[in-house]
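Please load the model in your viewer and keep the selection tool at hand. The tour below goes from one selection to the next and says what is found at each stop.

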Amino acid sequence: HNKHWLTPYAVFSYLRDRHKTTDYTRWRIHRQYDRAAIEKYAAPRTRQYKEIATYYFIQYHLHLQLKDAARHLRRKGVMLKGDIPIGISRQSCDAWMEPELFNMDQQAGAPPDAFAVKGQNWGFPTYNWNRMAEDGYQWWRRRFEQMHAYFDAFRIDHILGFFRIWSIPEEAVEGILGSF
């Protein structure tokens, strides 16, 4: 059921550890995600399979533990609310797998105000909403489906980012150079 994200995540984690960086643009192999190549790379008969499968094992047991905790709390009458950040790291598995869903040449932040006169630069890429709309926002739908396995409600941090976001050029350090 989780193969669509678990295999790429396990390979990403293996390559991240092997190359000692999350910056996939610096990896010697698989700098660009290719589903078929990653499936082949993660096949059970490859020499790296056992190390990749370690991440399957970890994720599976984390899933079981969280499901058990959620089930226990629900029996006690407690509802769980999951927190979903509006942004992703530009060096994340999501950015590696589907960079076209993000404006990798932009970064999110906040405009100048009384608390931050030069604005804020949060560093994560903004969303390419036009591209996301093409498949009915499947990336977000998959994210909520996954979270629904554990949580009864969701809080989206900086939900305003769905409607407008302060977008700063990638090369800028301060948020002052951005625009909505």
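How many Å should the 27 residues of H3 span at 1.5 Å a residue, and how far apart are its end C-alpha atoms? In this predicted model, select helix H3, residues 49-75, and set a distance between its terminal C-alpha atoms: the expected span is 39 Å and the end C-alpha atoms are 39 Å apart, so the two values agree.

**The long view**

Zoom out to the whole protein chain, whose secondary structure comes to six helices and seven strands. Read from the N terminus on, the elements follow the order α-α-α-β-α-β-β-β-β-α-α-β-β. Taken along the principal axes, the box that the C-alpha atoms fill is roughly 55 × 50 × 30 Å. If you colour by accessibility, buried residues make up 37% of the 180 residues. Among the contacts with a separation of 6 or more, 66% come from residues 24 or more positions apart.

**Helix H3 and its surroundings**

Return to H3 and show the side chains of Ile52, Ala53, Tyr55, Tyr56, Gln59 and Ala70, which are the buried residues of this helix. Add H1 and helix H2 (35-41) to the selection, since these are the elements against which the buried residues of H3 pack. An α-helix has 3.6 residues a turn, so residues three or four places apart point the same way. Then move past the helix to glycine 77, which follows H3 and has a positive phi, near 85 degrees.

**The largest pocket**

Next, display the pocket surfaces and choose the largest pocket, with a volume of about 970 Å³. Of the 27 residues that line this pocket, Trp5, Tyr9, Gln59, Asp94 and Gln146 are the closest to its centre. Gln59 therefore deserves a second look, as this residue is also among the buried residues of H3. Helices H1 (3-19), H3 (49-75), H4 (93-97) and H6 (138-148) each supply at least two residues of the lining, and H3 gives the most, with six residues. Coloured by class, the lining shows 15 nonpolar, six polar and six charged residues.

**Strand E1 and its partner**

Select strand E1, residues 81-84, and look along the strand with the side chains drawn. Which of its residues are buried and which are not? Gly82 and Ile84 point to one face and are buried, whereas Lys81 and Asp83 point to the other face and are not. Now add strand E6 (residues 153-156), which pairs with E1 in the parallel sense over four bridges. Within this pair, isoleucine 84 stands opposite isoleucine 156 of E6.

**The three-stranded sheet**

Strands of a sheet pair through backbone hydrogen bonds, either parallel or antiparallel. Turn to the open sheet of three strands, where the order is E4-E3-E7 and the pairing is antiparallel. Its edge strands are E4 (120-121) and E7 (166-169), each of which pairs on one side only. Strand E3 (residues 106-110) is joined to E4 by two bridges, and glycine 109 has asparagine 121 in E4 as its bridge partner.

While E7 is in view, pick proline 169, which is found in this strand. Is proline 169 buried or partly exposed? Its relative accessible area is 23%, and proline 169 is partly exposed because buried would require a value under 20%. Apart from its neighbours within four places in sequence, proline 169 is in contact with Asp105, Gln106, Gln107 and Leu177. A C-alpha to C-alpha distance drawn from proline 169 to glycine 123 reads 9.9 Å, although the two are 46 residues apart in sequence.

**The second pocket and the cavity**

Go back to the pocket surfaces and select the second largest pocket, with a volume of about 150 Å³. Its lining includes Gly109, Trp122, His158, Arg164, Trp166 and Phe180, and by class the lining divides into seven nonpolar, three polar and one charged.

For the last stop, show the enclosed space, where the count comes to one cavity of 30 Å³ or more. The largest cavity has a volume of about 40 Å³. Select Ile86, Ala108, Phe124, Pro125, Thr126, Tyr127, Trp129, Gly161 and Ile165 to see its lining, in which seven residues are nonpolar, two are polar and none is charged. Gly161 and Ile165 are also among the residues that line the second largest pocket.

Conventions: Residues numbered from 1 in each chain as written. Predicted model: local features only at pLDDT ≥ 70, side-chain atom pairs only at ≥ 80, totals over all residues. Heavy atoms only, no water. Buried < 20%, exposed > 50% of the residue type's maximum accessible area, 1.4 Å probe, protein only. Pairing = 2+ DSSP bridges. 1 Å grid on protein atoms, 1.4 Å probe; cavity = no way out; pocket = protein on both sides within 12 Å on 5 of 7 lines; lining within 4 Å. Points joined across faces, edges and corners; volume = space filled by probe spheres on them. Nonpolar A, V, L, I, M, F, W, Y, C, P; charged D, E, K, R; others polar. Expected span 1.5 Å × (residues − 1). Contact = heavy atoms within 4.5 Å.
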